[in-house]
Amino acid sequence: MNNYSKAHIIIAGRVQGVAFRYYARNTANRIGVKGWIKNLDNGDVEIMVEGKKELVNLMIDWCKKGPGLAIVEDIRISLLPYTAEFNEFNIK
C-alpha cells in the first residue's frame, strides 16, 4: 500500500460561500479520490482525502487554488497512513 496515502487538509481564506465543497466533490470524483469535505464554524474548510498518492497530490494541488471565486490564504496539510475507510467523496 506504499503507493496510497491520506491527507487531512484545512483551508483558510474566502472558502465558504463560493461553492468550494461542491467543486471539491466534483474534482475528487473526477480525479478518483475518496473522503469528505465540510465547512468549519471559523470559516475554514476541512477535507479528508485518500487514494493513490499521485491522485491525492492532485487534489492537494487543486485545494491550493480552489474554485474561481475562492481566495485561498492558507492551507495546512497533514499526511496520514492510508486506511481505505471511504467508499466515495461526500459533503458533510
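Two strands count as a pair when DSSP finds at least two bridges between them. With that in hand, here are some close-ups of this predicted model.

**View 1. Strands β2 and β3 run antiparallel.** Strand β2 covers residues 34-39 and strand β3 covers residues 45-52, and 6 bridges join the two. Look for Asn39, which stands opposite Val45 in β3.

**View 2. Five strands make up an open sheet with mixed pairing.** Read across the sheet, the order of its 5 strands is β4-β1-β3-β2-β5. The edges belong to β4 (71-80) and β5 (89-91), each of which pairs on one side only. From one strand to the next, the twist averages 15°.

**View 3. Both α1 and α2 pack on the sheet.** Helix α1 touches β1 (4-14), β2, β3, β4 and β5. Its direction makes about 170° with that of β5. Helix α2 also packs on the sheet, where it touches β1, β3, β4 and β5. The direction of α2 makes about 155° with that of β3.

**View 4. Helices α1 and α2 pack against each other.** Two packed helices are described by the angle between their axes and the distance between the axes. Here helix α1 (residues 20-31) and helix α2 (residues 53-63) meet at an angle of about 155°, and their axes are 10 Å apart. Angles over 145 degrees count as roughly antiparallel, so α1 and α2 are roughly antiparallel to each other. Their crossing is right-handed. On the α1 side, the contact is made by Phe20, Tyr23, Ala24, Thr27, Ala28 and Ile31. The α2 side supplies Leu55, Leu58, Met59, Trp62 and Cys63. These contact residues divide into 10 nonpolar, 1 polar and no charged.

**View 5. Tyr4 and Tyr82 form an aromatic pair.** The model has 2 aromatic pairs by the rule used here, and this close-up shows one of them. A pair of aromatic rings is described by the distance of the centres and the angle of the planes. For Tyr4 and Tyr82 the centres are 4.9 Å apart and the planes make 35°, a tilted arrangement. The pair links distant parts of the chain: Tyr4 lies in strand β1, while Tyr82 sits in the loop between β4 and β5, 78 residues apart.

**View 6. Arg21 and its contacts are the last stop.** Arg21 has its place in helix α1. Leaving aside neighbours within four places in sequence, Arg21 is in contact with Ile37, Lys38, Asn39, Ile91 and Lys92. Ile11 is 10 residues from Arg21 in sequence, and the C-alpha to C-alpha distance between Arg21 and Ile11 is 11 Å.

Terms used: Residues numbered from 1 in each chain as written. Predicted model: local features only at pLDDT ≥ 70, side-chain atom pairs only at ≥ 80, totals over all residues. Heavy atoms only, no water. Axes fitted to C-alpha atoms, helices over the stretch in contact; angles between N-to-C directions. Helix = DSSP H or I, 4+ residues; strand = E, 2+ residues; numbered from the N terminus. Parallel < 35°, antiparallel > 145°, perpendicular 65-115°, else oblique. Left-handed = near helix turned anticlockwise from the far one by under 90°. Contact = heavy atoms within 4.5 Å. Nonpolar A, V, L, I, M, F, W, Y, C, P; charged D, E, K, R; others polar. Phe/Tyr/Trp six-rings, centres within 6.5 Å; stacked < 30°, edge-to-face > 60°.
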